Structures are given as C-alpha cells and as structure tokens.
Amino acid sequence: MAAWGERLAGVRGVLLDISGVLYDGGAGGGAPIAGSVEAVARLKQSQLKVRFCTNESQKSREELVRLLRRLGFDISEGEVTAPAPAACQILKERGLRPHLLIHDGLRSEFDQIDVSNPNCVVLADAGEGLSYQNMNKAFQVLMELEKPVLVSLGKGRYYKETSGLMLDVGAYMKALEYACGIKAEVVGKPSPEFFKSALQAMGLEAHQAIMIGDDIVVDVGGAQRCGMRALQVRTGKFRPGDEHHPEVKADGYVDNLAEAVDLLLQHADK
C-alpha cells in the first residue's frame with residue numbers, strides 16, 4: 001500500500017458511519033467504542049468538514065442524536081444523513097403511499113406521509129417486528145400491486161451490538177425480493193444517491209472526502225464506487241476476512257476511529 005500521506009492527501013471532509021464506529025448499540029443504549037468520543041471532538045476542532053452517514057433504521061434522527069449526546073458525542077440532527085428522511089422525500093415525489101414494516105422508534109419520521117390504500121412497502125430493521133405475520137402481510141401487499149414497489153432502508157446483512165451480532169434488514173429484503181420476484185429500491189448506503197446527498201450537504205466533491213466505516217461492502221465499497229476514499233475500522237462488525245475481501249479493498253485499515261483521526265490530522269488536506 002502507498003504511504004498514508006499519499007493515501008490521505010487532499011482530504012477535506014470526513015463521512016462517519018455511526019453504529020460500529022462511534023458506538024455499539026445494546027441494552028441501556030449501548031456503549032461508545034474506546035476513544036471515539038474524543039476522536040469526533042478532535043475532528044470537529046480541525047479544518048476538516050464532518051458529517052455522519054448512517055443506515056440506522058430503528059430510531060428517528062432525533063432519538064439517535066439524543067442517545068449519542070448522552071454517550072458524550074458532539075453531534076446535531078442537521079449533521080446526520082439517514083435513510084428515513086430520504087425515503088420520505090422519495091415517497092412524496094412519486095406519490096407513493098407505503099405499507100410500513102418498520103420499528104416503532106422510526107414511525108415519527110413518517111408522520112407526514114399518507115399511508116392509506118398502500119401502493120408500496122417500506123421495509124426497515126424492525127427488530128422483533130419482523131415476524132412471519134408482518135413479513136407475510138408485506139408480501140401480500142406487494143403481490144396485490146400491478147407494479148410492486150419495495151423500498152428498503154439499507155441492505156446490511158448484520159450489525160454488532162454489545163450482546164453480539166444482529167441480523168439486519170438485508171436478509172428480510174432478500175426474502176421479499178425472492179418471494180415476489182422483484183428488486184428492492186435501496187435508500188441508504190451503499191446507494192450512490194445517498195452518498196451524493198451527504199457530499200452535497202458538506203459542499204464537497206467525492207475525491208475530497210473519505211468514508212470511515214465498519215462494513216467492507218456497504219461503507220467502503222459503496223463510498224469507493226462514488227469516487228470517495230474509504231477506511232475500514234477493526235471495530236463493530238469488522239471480521240478478519242474483510243482485509244482479504246475478493247471484491248473490495250479499503251484505502252486503509254485502522255484499529256478504531258481514534259487511529260483514523262490521528263492519521264487524518266497528520267496527513268489530510270496537505
């Protein structure tokens with residue numbers, strides 16, 4: 001690999017994944033990953049632009065930010081790019097009325113959306129709500145439509161909580177795709193539109209930004225396909241095999257966010 005100075009030259013902004021990079025969720029709200037609170041603070045004090053880019057779909061942005069602040073992070077709602085608000089914009093633009101298979105914690109994001117006589121399904125990480133009964137209802141709604149539309153908030157395979165690895169929305173999305181013979185529209189990482197909206201909010205071009213995430217495919221691969229650079233942290237859902245992934249190679253692997261920030265502050269925007 002090229003020297004860090006070469007790999008990080010010209011970086012003017014940082015996109016941070018949240019779960020598995022800043023903290024691991026779980027009982028009582030979860031716990032910050034060692035050194036991450038201070039790392040975010042150091043980034044915020046630097047010349048680099050910072051934005052948080054998450055596929056969180058169990059909590060509203062307001063609730064997520066409240067939790068992260070309680071854990072000690074310097075973060076505001078306006079700094080977070082999340083899939084639910086992006087999905088609402090798409091629903092309004094296209095006159096879509098969703099059947100919502102989502103977590104109760106996310107429902108407030110859809111308060112302004114017409115859900116009568118559904119003509120699409122919106123699927124998110126509904127946790128225990130992803131029962132056979134609820135999945136079957138979503139399947140029935142889709143099968144009754146002439147042109148079924150399935151909108152999935154992210155397509156992650158799994159994520160990490162303090163108690164261990166947890167199945168993510170992607171597995172359920174694939175089940176509905178298979179049963180209905182359709183392809184879901186993914187809102188969130190690794191969708192190029194999602195990354196572009198985060199870059200737009202920062203006022204940066206892709207080559208000026210770097211993504212830091214724990215998911216080799218969704219965070220790293222997704223960002224690189226948009227023309228960004230990307231680092232993978234060895235926290236959260238990271239697996240040792242990720243460093244030898246057959247299709248995606250990060251621009252660098254770091255032990256945690258603290259190490260990534262050390263390197264960025266040393267080498268970026270030079």
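**Cavity, pockets, salt bridges and helix α7**

Arg 157, Tyr 158, Asp 214, Asp 215, Ile 216, Gln 232, Lys 237, Arg 239 and Asp 242 form the lining of the largest cavity. The model in which this cavity occurs is a predicted one. The volume enclosed is about 70 Å³, and a search of the whole structure returned 1 cavity of 30 Å³ or more. Sorted by class, the residues around the largest cavity comprise 6 charged, 2 nonpolar and 1 polar.

Open pockets were also identified. The largest pocket has a volume of about 450 Å³. Its lining is made up of 29 residues, and those closest to the centre are Ser 19, Asn 55, Glu 56, Tyr 159 and Asp 168. Two or more lining residues are given to the largest pocket by each of the elements β9 (158-161) and α8. The largest share, 3 residues, is that of β9. In terms of class, 13 charged, 10 polar and 6 nonpolar residues line the largest pocket.

The second largest pocket holds about 380 Å³ of space. Of the 20 residues in its lining, Ala 86, Gln 89, Ile 90, Phe 194 and Ser 197 lie nearest the centre. The elements that give two or more residues to the lining of the second largest pocket are β5, α4, β11 and α7. The largest share in this case is that of α4, with 6 residues. The class composition of the second largest pocket is 9 nonpolar, 5 polar and 6 charged residues.

Phe 194, listed among the residues nearest the centre of the second largest pocket, also belongs to the buried set of helix α7. This helix spans residues 192-202, and its buried residues are Phe 194, Phe 195, Ala 198, Leu 199 and Met 202. Viewed down the axis of α7, these buried residues fall within an arc of 135 degrees, so they line one face of the helix. Such spacing can be related to helix geometry: an α-helix has 3.6 residues a turn, so residues three or four places apart point the same way. On the other side of α7, the exposed residues Glu 193 and Gln 200 are found. The packing partners of the buried residues of α7 include both strands and helices, namely β1 (13-16), β4 (49-53), β5 (80-81), β12 (209-213), α4 (83-94) and α8 (216-225). Gly 203 follows α7 and has a positive phi, near 70 degrees.

The search for charged pairs across the whole structure gave 14 salt bridges. Side chains of opposite charge can pair when their charged atoms come close. In one such pair, the side chains of Lys 189 and Asp 17 meet with an N to O distance of 2.8 Å. Lys 189 is located in the loop between β11 (185-187) and α7, whereas Asp 17 is located in the loop between β1 and β2 (23-24), so the salt bridge ties together parts that are 172 residues apart in sequence. Lys 189 counts as buried because its relative accessibility is 2%, under the 20% limit for that class. Asp 17, at 5% relative accessibility, likewise counts as buried. Both residues belong to a network of salt bridges that links Asp 17, Lys 189 and Asp 219.

A further salt bridge joins the side chains of Glu 79 and Lys 44, at 3.1 Å from N to O. Glu 79 lies in the loop between α3 (61-70) and β5, and Lys 44 lies in helix α2 (residues 36-45), so this pair ties together parts that are 35 residues apart in sequence. The two partners fall into separate accessibility classes: Glu 79 is buried, at 18% relative accessibility, while Lys 44 is partly exposed, with a relative accessible area of 24%.

Asp 104 and Arg 107 also form a salt bridge, in which the closest N and O atoms are 3.1 Å apart. In this pair Asp 104 is exposed, at 62% relative accessibility, and Arg 107 is partly exposed, at 34%.

Note on methods:
Residues are numbered from 1 along each chain as its sequence is written. This is a predicted model: local features need pLDDT of at least 70, side-chain atom pairs count only at pLDDT 80 or more; totals for chains, interfaces and linings use all residues. Side-chain values use heavy atoms; hydrogens and water are left out. Buried means under 20% relative accessible area, exposed over 50%, partly exposed in between (1.4 Å probe, protein chains only). Helices (H or I, at least four residues) and strands (E, at least two) are DSSP runs, numbered from the N terminus. The arc is that of the directions from the helix axis to the C-beta atoms. Contact means heavy atoms within 4.5 Å. On a 1 Å grid over the protein atoms alone, a cavity is a set of points where a 1.4 Å probe fits but cannot get out, and a pocket is an open set with protein on both sides within 12 Å along at least five of seven lines; lining residues have an atom within 4 Å of a point. Grid points are joined across faces, edges and corners, and a volume is the space filled by probe spheres set on the points. Ala, Val, Leu, Ile, Met, Phe, Trp, Tyr, Cys and Pro count as nonpolar, Asp, Glu, Lys and Arg as charged, and the others, Gly among them, as polar. A salt bridge is a side-chain nitrogen of Lys or Arg within 4 Å of a carboxyl oxygen of Asp or Glu.
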